[in-house]
Amino acid sequence: MTTRTNLAYLLGLSVFSVAACSSDATAGGDAADGGAPGPVLACTERPLTAPGEDFFVDISAPSGIQKDNFVPNPTVPIPINDHSRLAFADIDGDGRDDIVAHSLFPNPQKGIPFEHLVFLNNGDKTFRDFSDESGLRGVQAGFFVFADVDNDGDQDCFAGLDIALEGETSALYLNDGKGHFTKKESSGLEKAALAANGVFADFNGDGRLDLYVGAGGTSQGALDQLYFGNGDGTFSDASENLKKRPAQPTNGVVACDYDNDGDLDIFVSHYGVSVGLGWRALWQNDGAGVFTNVATKRGFNALATGNSYLASTGKGRDEQPVDPSKYVGSNGFGIDCQDIDGDGNMDIWLATISHPVDADESRKWSDPSMLLLNKGEAGGFAFENVTLDRGIPFNEGDIDAAAVDFDNDGRIDLSVTRDKKYEENYSKPDQKAWFGLMHQNEDGSFTSVGLISGINDRSGATDRVKSGQNLAWSDIDGDGDLDLLVGGRDNGGAGRANFLFENTIGQKNGWLGVRLRGDGTNVNRDAIGARVTVIVSEKRWVREVKSSRGTYSSADARALLFGLGDKGCEGGVTKAALEVRWPNGETKRFEPGTFGLNQYVTIDYAAGIVTP
C-alpha cells in the first residue's frame, strides 16, 4: 500500500474535484468554517425538461467496455459465457468511476476459472482495458466490493467466493493507489464462506469500515457474517453480534439508516420460499454494531398478499388465508434503499422472482417485486407496500434493482433487469424481459418508459437489453446525469457482451453533485454512511453514501447526484442549502452562496467545501 503523508493529504484539499462542468458558478467561497456564507454564486434557471423518447444512447461498442466479455465459438463449452456481474468503482483514484465485470459460477465447477475484467475510465466516454495490470483478473471469486478499508485514500477490494472451490477462499486485496492490487494475507476475511453479497460500512462507529457478508446466494442456506475492521486491512469476526441469524440463502444486501438514528441498518433479501418461507431480514443497529432482526415488527419480512398476476389472489390485493407466522416471503434478488417518496425516510425497492402458479401455494403467495415506503417516526418506521397503487408492473423474472433519479427532475425513479426465461408466457411488453425503467410522476405514481428510453431495442431486431444480470449507474462523462451499465446475461453458451448507455436527458435539468471525504480517523475516508440533504425552501432531497447494493453487490457511483428539476435557482441566485450528517453524528450546514449548482462539489470532513 502507498503511505499517504499528512502533507499529501493537505495538498489534496487544494484540488477542486469538479468532474462536471456545465457549471453555472462564477465565483467561489470557502465554507471551511462549516458553511458561513461566502460570495454569492450565480446560476442559470433551467425549465423542467421531460424525458420524451430515446433519451439513452447505446455507446457499448465504441466505449471499449465489451472487450473480452465472452469467448466467441469456444472450443470447450462455457456454461455462462459472459461477465455480467458488474459494478462501478474509482480504482485508480483519478476521480472517474471505472468498471469491473465478473464471470459467474457454474463455470469453475466445469474447469473454467473465474475471470474479472477491469476497465479504466478515460473521461471521454471510452474505457481502456486494465484487467491484467490490476492484478484482479485471475482472482477466484464471484464478486468484488470496493472500499478504503485502511483509510489511506484508495479503494481496496473484498473478493467474495460464493462456492466451495478447493484451495481458494474469500480474500482482501489492497490497492497501491493506482489500481494495482495485492492480496492481504491473514486479513481475517478468508473465513467468509459462500460469500454472495457484501456491504462495507462503519457499523460500530469507530471510524473504520466493517463488512457484512451475505452468504448462500441462490444455492444454499447459510449464516451471514459480520466482520469489524481494525483499520489496517485486517478484520475481526463479530458475527455473534447478529442475534439469532437465520440460515437462509442471502441474495441481496443493502445498508442504510431507515430509522433516522444515525447508524446504518442492514436489509437482506433472501432467495427461496422453500427455506425459512423466504422471509427477509432487517438488522437494526443499536449504534455499537449489535444487530436485532426487526423485519417482522416493521412489516418487511413478508407481504400478507401474494402474486399480483393471478386472479385467485385478487391480483395481489387479497391476504393469504393463514396465520401471519406462515406468510410466504420471496425468491429475493436485488435490493436498494433510497428516499423514493421524498419525505426524508429511506424506502425499499426490491426485485424478486414470483411465479404465478395457482396449483402451488408457495408460488401463488410468493411476493412479487415491491416498493415499500417507510412510514417514518409517526408510523413506527414500518413499511407499507404501495407497488400496485403506484402503478409498478408485475414481471415474473425481475433480477437486480436500483432506485435513481435518471432525468434529474427531483423524483427517484426505479430500474430493474429481468430474466428472459419466463417471457414466453406473456404477451404484454411489461411482462417481457426488457430492461425495466419506471419514471416517477409528480403524484408519486410510476410510468413504464423502458421501451421508449433507448435502452431496449423496441424494434425487436435484437434482445438489447433482455436478460440483464447486474446493473449500475454512474456519471461516466461528468455531465451531471447518471449513465447506465447493464450486464448481458448469456443464454446457451454462445456468449454475450455488456451494455453501456449514455444519458442525454438528465443534464438538461438542474442538478448538484456531492463528493464526501472523511479524515480517516473520526470518519472513514469514503464517508460511507454519511447522509446529505439538499434544501430549497420547503423541499428536501436526501441521499446516503453506500458501498454497494443489489444482488451480488452491484455498485453505483459513490458521488451523490441530486436532481433539482427547475428548483434551486431564482433570479440568477442559488437558493439551495446543503446539510451533511457525517457517520460519527456531526452535522455541517452550508448555506446558499457557498456552492454553485450544476457542478460537483467536494466536501471534506475537516476543511468543508473544497473549491479552487
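Two strands pair if DSSP finds at least two bridges between them. Helices (H or I, at least four residues) and strands (E, at least two) are DSSP runs, numbered from the N terminus. Keep both terms in mind for this tour.

The model is predicted: local features need pLDDT of at least 70, side-chain atom pairs count only at pLDDT 80 or more, and totals for chains, interfaces and linings use all residues. Residues are numbered from 1 along each chain as its sequence is written, and side-chain values use heavy atoms, with hydrogens and water left out.

**Whole chain**

Start with the full protein chain. It has five helices and 38 strands. Its C-alpha atoms fill a box of roughly 70 × 55 × 50 Å along the principal axes. Of the 612 residues, 62% are buried (under 20% relative accessible area with a 1.4 Å probe, protein chains only; exposed is over 50%, partly exposed in between). Now look at contacts (heavy atoms within 4.5 Å). Among those with a separation of 6 or more, 61% link residues 24 or more positions apart.

**Strand β15**

Select residues 265-270. This is strand β15, and six of its six residues are buried, so the strand is largely enclosed by the rest of the structure. In a regular strand the side chains alternate between the two faces of the sheet. Check one side of β15 for Asp265, Phe267 and Ser269, and the other for Ile266, Val268 and His270; both faces are covered.

Add residues 250-256, strand β14. It runs antiparallel to β15, joined by six bridges. Find Thr250: which residue of β15 is its bridge partner? The partner is His270.

Next add residues 281-285, strand β16. Three bridges pair it with β15, again in the antiparallel sense. Phe267 has Leu282 of β16 as its bridge partner.

**Strand β24**

Move to residues 436-440, strand β24. Five of its five residues are buried. Gly436, Met438 and Gln440 are on one side, Leu437 and His439 on the other.

Show residues 413-418 as well. This is strand β23, antiparallel to β24 and joined to it by three bridges. Leu414 stands opposite Met438.

Then turn to β25. It pairs with β24 in the antiparallel sense, over three bridges. Here Gln440 stands opposite Phe446. The hairpin of β24 and β25 has five residues between the strands, and Gly444 takes a positive phi near 90 degrees there.

**Backbone stops**

Most residues other than glycine have a negative phi, and most peptide bonds are trans. The next four stops depart from that pattern.

- Select Phe105 and Pro106. A cis peptide bond joins them, with omega about 15 degrees. Pro106 lies in the loop between β3 (98-102) and β4 (116-121).
- Select Arg464 and Val465. Their peptide bond is cis too, with omega near -10 degrees. Val465 is in the loop between β25 (446-448) and β26 (468-474).
- Select Asn73. Its phi is positive, about 45 degrees. Look for it in the loop between α2 (60-63) and β2 (85-89).
- Select Asn151. Its phi is also positive, near 55 degrees. This residue sits in the loop between β6 (143-147) and β7 (156-160).

Is Asn73 buried or exposed? At 72% relative accessibility, Asn73 counts as exposed. Asn151 has 13% relative accessibility and counts as buried.
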